[in-house]
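This report is written for someone who is meeting this structure for the first time. It moves from single residues to strands, helices and the core.

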Amino acid sequence: MLRQRTLKSLTKAVGVGLHSGQRVELTLRPAQPDTGIVFRRVDLPLPVDIPISAQAVTDTRMASTISNGGAKVQTVEHLMSACAGLGLDNLYVDITADEVPVLDGSSASFVFLLQSAGIEEQNAPRRFIRVRRPVEVREGEGDDLKWARLDPFHGYKLSFEIDFAHRVINSTGQRYEFDLSSGRYSRDIARARTFGFTKDVEMMRSRGLALGGGMDNVIVMDDYRVLNSEGLRYDDEFVKHKILDAMGDLYLVGKPLLAAYSAFRSGHALNNKLLRALLADQDAFEVVSFGDEREAPAGFAMPARAW
């Protein structure tokens, strides 16, 4: 059968939150089958578990935030993207502040941490949410239009189109499609960093956002150019980061999806709205597992590839 996966051993990281600017320690620990991914606020007087789910998402301003009661964890999408890309099902994430550290602004550091700890199969079937009929959410009209959609597909692929009127982004690819079965998440997606514009920094910081952002963890642009001395990691790094984010946002549903995701100018809020629309329609999905690995989509039974 196609089995669930967790870590072989624990691993740790220390960094700062992208938006809060706070120092935070992160410990990733193995978890038993059917645990799912659970964030634990170990800095609180009584530690609080926050299991991932579409309903646990309570704030989508510039990031995905999950909550349980008064406890929250911000900016979970890059770590969740790494978990989706490597096929991790069960994990405890102990955290000493209310935001996941940004590290280098991509998923690459999380991929390194997870692979360094080792990934092992567990004696329990891996369960998928298989989309059975199209689900779509749309917002705005004309120049303000944005949408996201899930279609039936025997596998998992994502297609994203961005639309930024900026000379640097216009000179790169604004549309990209990625198929998880390629096994190239670590190489083709994970290194894409979050990006921002100098003109927005003052506004964001006045709202308590981007306090930990800098050249070491964000692609920064003025009106004409990329200001980071090393330039871009991919020619189409901007749209690839949007796919990275979408993979993290969608993995908050709690199980890997079997679907084709497509989106135009979507973001954290619309991605979560799409998950909620899917779950609200009981006929639009089913939970499946594969007793015979040969019945699973191509590439899904293979261990996640290293760099």
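Two residues are said to be in contact when heavy atoms of the one lie within 4.5 Å of heavy atoms of the other. The model described here is a predicted one.

With that meaning of contact, and leaving aside neighbours within four places in sequence, Asp 151 is in contact with Val 131, Pro 134, Ala 259, Ala 260 and Ser 262. Asp 151 belongs to strand 13, which covers residues 146-151. Its relative accessible area is 19%, and because buried means under 20% relative accessible area, Asp 151 counts as buried.

Two further residues that lie in strands can be set beside Asp 151 in a table.

| Residue | Strand | Relative accessible area |
|---|---|---|
| Asp 151 | strand 13 | 19%, buried |
| Val 73 | strand 8 | 0%, buried |
| Phe 195 | strand 16 | 16%, buried |

What surrounds Val 73 in strand 8? Apart from neighbours within four places in sequence, Val 73 is in contact with Phe 39, Arg 41, Ile 50, Ser 64, Thr 65, Ile 66, Ile 95, Asp 98 and Val 100. The C-alpha atom of Val 73 is separated by 9.9 Å from that of Thr 58, which is 15 residues away along the chain.

Strand 8 takes part in an open sheet of 3 strands, arranged in the order 6-7-8 with antiparallel pairing. Strand 6 (57-59) and strand 8 (71-73) are at the edges and have a single partner strand each, so that one side of each is left without a neighbour in the sheet. From one strand to the next, the twist averages 45 degrees. Strand 7, made of residues 65-68, is joined to strand 8 by 3 bridges, and these two strands run antiparallel; Asn 68, for instance, has Ala 71 in strand 8 as its bridge partner.

Another antiparallel pairing links strand 1 with strand 10 (residues 119-125) over 4 bridges, and here the bridge partner of Arg 3 is Pro 125 in strand 10. Strand 1 (residues 3-7) has 4 of its 5 residues buried, and it is therefore largely enclosed by the rest of the structure.

Phe 195 lies in strand 16, which spans residues 195-197. Not counting neighbours within four places in sequence, Phe 195 is in contact with Phe 164, Ile 169, Val 218, Ile 219, Met 221, Phe 238 and Lys 242. Between the C-alpha atoms of Phe 195 and Met 215, which are 20 residues apart along the chain, the separation is 9.9 Å.

Among the helices, helix 1 (residues 77-86) packs against helix 6 (residues 237-251) at an angle of about 85 degrees, with their axes 7 Å apart. This angle makes helix 1 roughly perpendicular to helix 6. The residues making the contact include Met 80, Ser 81 and Ala 84 of helix 1, together with His 241, Leu 244 and Met 247 of helix 6. By class, the contact of the two helices has 6 nonpolar, 5 polar and 3 charged residues.

The largest nonpolar core has 83 residues, and those with the most contacts inside it are Phe 39, Ile 66, Tyr 185 and Tyr 261. Helix 6 gives the most to this core, with 8 residues. Tyr 185, when residues up to four places away in sequence are not counted, touches Ser 81, Ala 82, Gly 85, Ser 107, Val 111, Phe 178, Leu 180, Ala 190, Leu 244 and Met 247. Phe 39 and Ile 66, for their part, are among the contacts of Val 73.

Conventions. Residues numbered from 1 in each chain as written. Predicted model: local features only at pLDDT ≥ 70, side-chain atom pairs only at ≥ 80, totals over all residues. Heavy atoms only, no water. Pairing = 2+ DSSP bridges. Axes fitted to C-alpha atoms, helices over the stretch in contact; angles between N-to-C directions. Buried < 20%, exposed > 50% of the residue type's maximum accessible area, 1.4 Å probe, protein only. Parallel < 35°, antiparallel > 145°, perpendicular 65-115°, else oblique. Nonpolar A, V, L, I, M, F, W, Y, C, P; charged D, E, K, R; others polar. Core = buried A, V, L, I, M, F, W, Y, C linked by side-chain atoms within 4.5 Å.
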